[in-house]
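Dear colleague,

Below I am handing over the structure we spoke about, with the sequence alongside. My notes on what was found in it follow, arranged so that you can read them with the structure open.

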Amino acid sequence: MATTPSQHLTRVLENLERALVPWVTSRLTARFGDAAWENELLRKAQERKITVFRNSEGIQMDLLLALHSISLFWPVFQDTLGKESKAHVQELREARNRRSHTGSRLTHKYVKRVADTAGLLLESAGLKDPGLKAVMQTIGVFNPRGGCGKSSTTIFLADFLSSLHGKRVLLVDLDSQRASSEILAGREAITAGLHRKASLPLLLREKFDGKADTHRVHHYLLERHGYQGPGSGAYLNKISILTCDRIDWWEFNDAFTKADDKDRHKAYRLLRACLNEVAHDFDICLIDFPANDLGPWARIGLHASDWWLLPCLPNWAGIRDLEAASALVCELIHQEKANIWPLATVPTLCQRASNKTYKSAVSKLEEAARRGYIPPLVPPDAQLSWRKEALEATDLSACDQNTMGKKYGNKTKPFWQEIAALTKHVLQRLNLPTDEIDFTGDAEDLNDWISGKE
Ligand SMILES: Nc1ncnc2c1ncn2[C@@H]1O[C@H](COP(=O)(O)OP(=O)(O)OP(=O)(O)O)[C@@H](O)[C@H]1O
Ligand SMILES: [Mg+2]
């Protein structure tokens, strides 16, 4: 799973693209309206004999196109960028003119130069570091083994990241059984969303078929509403969800299987393209994968993942066929240039750490991680034990709770502490701050205290 310098460069560029594209899109949309700017862009490009890549999804908004847009719509960006950026734009224009191809492969040197220029533009526009921290990080919770704790781990992380660390969380539920969606938001909210056709396979299908009037991704988001109340900050926060209707899921599966090789490869990247559209609206995206699937859904999900989190039962049945998962991830990285980084292997439903089966499975997992087959193991305090509280927190009735305490029990109890440790470990691996929100004071006393009555 080691990454090469060229993979690193690609990743940096991808992050840059994800920072730049939504920004360009939002400025142009604000100025010209939702779709009008795309036509305007084509018109301007044609006028100036610039090749704009088009595919069946319409205009392909890649990094270079974002840069084209900046230079073509310079007056729109001028206000934002300020005078000092003119030189950067000039450089961009020159870089574009030097580019003599229509779709040929770009050299790394050229791409890097463009990326550097784009980075300068973003900086001078006052946008934050366009690198890893600025855009959403997507974690694929992937293990084809059924019942190994994928959905539970996803739910726990979604709650702790959003409600304890204040992160903006998006859940992508690729399982047509929708366990994580329904447990987080409740069956009613999910059914109501699906009723208005907010179903991920429909979104992918529209993109796959290249429909011109494709809705924006926001149209497909469902919500676990946040709760509010007096005092404590440990209310359950809002989580956005992309979920799957079962029939849509199968229909997409069918269409995908029947498609020719070229279309199928295009489809692998559809979810990533959708997530790029909302990359500025969330900090972390968690993808819950279905069991027993190494086909379309696994590939689409993995292509959209920046990181691989592997939940794993620490026993023989749990580790006996990890090869299938590892081989698929490696195939995507090495043959399809997917950018998946190893995040963590999490032993789940652990019975007893002193148990012989557990010890032998964990030492095998450690060795597999050392050899680079699977992501590195989390420390023992971040492994998830078998606990009855976990069953309660993943029961459908858990969606009726409004505070972390009601859903996950006491902060000092091992159940809470394991999930908290896992969440911190994940944040550290993503290079994000690990502070918890801590508003424990009673706001009603604040004015008294400030005016010195106490
Ligand atoms: N820490 C835990 N302690 C006790 N039970 C747990 C724990 N974690 C998960 N479970 C239970 O184990 C079962 C399987 O977990 P989960 O649904 O998360 O696995 P999964 O990998 O998503 O399954 P599938 O492959 O079917 O999607 C569920 O009934 C869940 O409530
Ligand atoms: Mg599941």
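A convenient place to begin is strand β4, which is mostly covered, since 5 of its 5 residues are buried. Please keep in mind throughout that this is a predicted model, and that what I describe was computed from it.

In β4 both faces are covered, with V169, L171 and D173 buried on one side and L170 and V172 buried on the other. As general background, the side chains of a regular strand alternate between the two faces of the sheet. β4 runs parallel to strand β6 (residues 239–242), to which 4 bridges join it, and within that pairing L171 stands opposite I241 of β6. β4 also pairs with β7 in the parallel sense, here over 5 bridges; V172 has I287 as its bridge partner in β7, while the partner of D173 in that strand is D288.

That leads on to β7 itself, which spans residues 284–288 and is largely enclosed by the rest of the structure, because 5 of its 5 residues are buried. Both of its faces are covered, I284, L286 and D288 being buried on one side and C285 and I287 on the other. Besides β4, strand β3 (residues 137–141) pairs with β7, again in the parallel sense and over 5 bridges, and I287 of β7 is the bridge partner of G140. I287 is thus named in both pairings, opposite G140 and opposite V172.

The same strand brings us to the nonpolar core. The largest such core holds 98 residues, and of these C285 and L286 touch the most other members. Helix α7 gives this core its largest share, 7 residues. Apart from it lies another core, of 13 residues, which includes V21, W37, L65 and A66. In general, nonpolar side chains tend to be buried together in soluble globular proteins. If you select L286 and leave aside its neighbours within four places in sequence, you will find it in contact with I139, V141, T154, L157, A158, V169 and L171; of these, V169 and L171 are residues already met among those buried on one side of β4.

Helix α7 (150–164) appears again around ligand 1, where α7 and α18 (388–393) each supply at least two residues of the surrounding shell. The largest share of that shell, 3 residues, comes from α7. There are 18 residues around the ligand, and those that come nearest are K150, S151, S152, A291 and A390. By type, the residues of the shell divide into 8 nonpolar, 7 polar and 3 charged.

Another helix worth opening is α9 (residues 187–195), whose buried residues are I190, G193 and L194. Seen down the axis of α9, these buried residues fall within an arc of 95 degrees, so they line one face of the helix. E188 and H195, by contrast, are exposed on the other side of α9. The cover over the buried residues of α9 includes α8 and β5 (222–224).

Three residues may catch your eye for their backbone angles. As a general point, most residues other than glycine have a negative phi. K197, which follows α9, has a positive phi, near 65 degrees. R178 has a positive phi near 60 degrees and lies in the loop between β4 (169–173) and α8 (179–185); because R178 has 24 C-beta neighbours inside 10 Å, it counts as buried. L349 also has a positive phi, near 45 degrees, and is found in the loop between β9 (341–347) and α17 (356–370). L349 is buried as well, with 20 other C-beta atoms within 10 Å, a count that meets the cut-off, since a residue is taken as buried at 20 or more.

Finally, for the chain as a whole, there are 21 helices and 9 strands. Buried residues make up 41% of its 454 residues. Of the contacts in the chain with a separation of 6 or more, 78% are accounted for by residues 24 or more positions apart.

With best wishes

Definitions and conventions: Residues are numbered from 1 along each chain as its sequence is written. Chains are lettered from A and ligands numbered from 1 in the order in which they are written. This is a predicted model: local features need pLDDT of at least 70, side-chain atom pairs count only at pLDDT 80 or more; totals for chains, interfaces and linings use all residues. A residue is buried if 20 or more other C-beta atoms lie within 10 Å of its own, exposed if 12 or fewer, and partly exposed in between; C-beta atoms are placed from the backbone. Two residues are in contact if their C-beta atoms, placed from the backbone, lie within 7 Å. The arc is that of the directions from the helix axis to the C-beta atoms. A residue is near a molecule or strand if its C-beta atom, placed from the backbone, lies within 6 Å of it. Ala, Val, Leu, Ile, Met, Phe, Trp, Tyr, Cys and Pro count as nonpolar, Asp, Glu, Lys and Arg as charged, and the others, Gly among them, as polar. Two strands pair if DSSP finds at least two bridges between them. A nonpolar core is a set of buried Ala, Val, Leu, Ile, Met, Phe, Trp, Tyr and Cys residues joined through C-beta atoms within 7 Å.
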